[in-house]
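Trainee: I would like a close look at a single part of this protein. Please take one pair of packed helices and go through it slowly.

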Amino acid sequence: MAFTLPELPYARDALEPHMSRETLEFHYGKHHKTYVDTANKLIAGTEFENTTLDEAVKKASGKLFNNVAQIWNHNFFWEGLTPSQTAPGKKLADALVKQFGGIDDFKKLMTETAIGTFGSGWAWLVKKPDGTLAVSSTSNAGNPLTGGDKPLLTVDVWEHAYYIDYRNARATYLEHYWALVNWAFVEKNLG
Ligand SMILES: [Fe+2]
């Protein structure tokens with residue numbers, strides 16, 4: 001069972017002006033696609049030919065982990081964005097207020113965590129096994145599933161995510177990111 005590149009749930013130019021068509025063409029069409037193609041080459045003839053993507057992320061190591069986790073992370077990142085944003089629902093808003101003091105406090109913490117991630121990586125909102133929420137950061141292909149946390153939202157802070165639109169300005173990219181966050185997706189993940 002080969003891994004596949006999911007269709008984006010919106011058009012390539014739908015996230016403009018915050019994220020350009022050119023960024024999606026490269027980030028989704030080339031970077032994300034390359035992780036899928038590379039993972040499929042690596043699993044040929046191995047036990048991973050018949051595992052789901054989630055299982056592969058939890059079990060793989062080395063180069064295969066890097067590629068399957070990057071597939072997972074990008075699938076999740078794209079689903080967490082929307083061109084037609086709505087406000088957080090009551091259940092999610094209440095959870096963010098309870099954990100972080102407010103929605104803006106959560107956004108500030110996640111922004112600081114994203115900006116503070118050294119080099120390539122991801123910032124996450126996760127639900128921990130005890131049900132509490134937390135903001136965390138992973139390096140390179142790192143994914144919270146391997147530590148037992150459930151991802152609710154992520155932001156890609158690899159340079160390929162923002163260099164076309166904002167050059168080296170990760171903070172500016174983060175400002176625009178918040179205009180695209182799909183709060184309904186986050187609330188669905190909250191469960
Ligand atoms: Fe990326």
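Mentor: What follows is a description of one helix pair. This is a predicted model, in which local features need pLDDT of at least 70, side-chain atom pairs count only at pLDDT 80 or more, and totals for chains, interfaces and linings use all residues. Residues are numbered from 1 along each chain as its sequence is written.

The protein is divided into domain 1 (21–79) and domain 2 (90–190), with bounds from an automatic or database domain assignment. The pair consists of helix 4 (residues 90–100) and helix 5 (residues 103–116); helices (H or I, at least four residues) are DSSP runs, numbered from the N terminus.

Two packed helices are described by the angle between their axes and the distance between the axes. Here the angle is about 65° and the axes are 8 Å apart. Axes are lines fitted to C-alpha atoms, for helices over the stretch in contact, and angles run from 0 to 180 degrees between N-to-C directions. Helix 4 is therefore roughly perpendicular to helix 5, a term for angles of 65 to 115 degrees. Their crossing is left-handed, that is, the near helix is turned anticlockwise from the far one by less than a right angle.

On one side of the contact, helix 4 supplies Ala93, Leu96 and Phe100; on the other, helix 5 supplies Ile103, Asp105, Phe106 and Leu109. Contact requires C-beta atoms, placed from the backbone, within 7 Å. By class, six of these residues are nonpolar, none polar and one charged. Ala, Val, Leu, Ile, Met, Phe, Trp, Tyr, Cys and Pro count as nonpolar, Asp, Glu, Lys and Arg as charged, and the others, Gly among them, as polar.

How values were computed
Helix = DSSP H or I, 4+ residues; strand = E, 2+ residues; numbered from the N terminus. Parallel < 35°, antiparallel > 145°, perpendicular 65-115°, else oblique. Contact = placed C-beta atoms within 7 Å.
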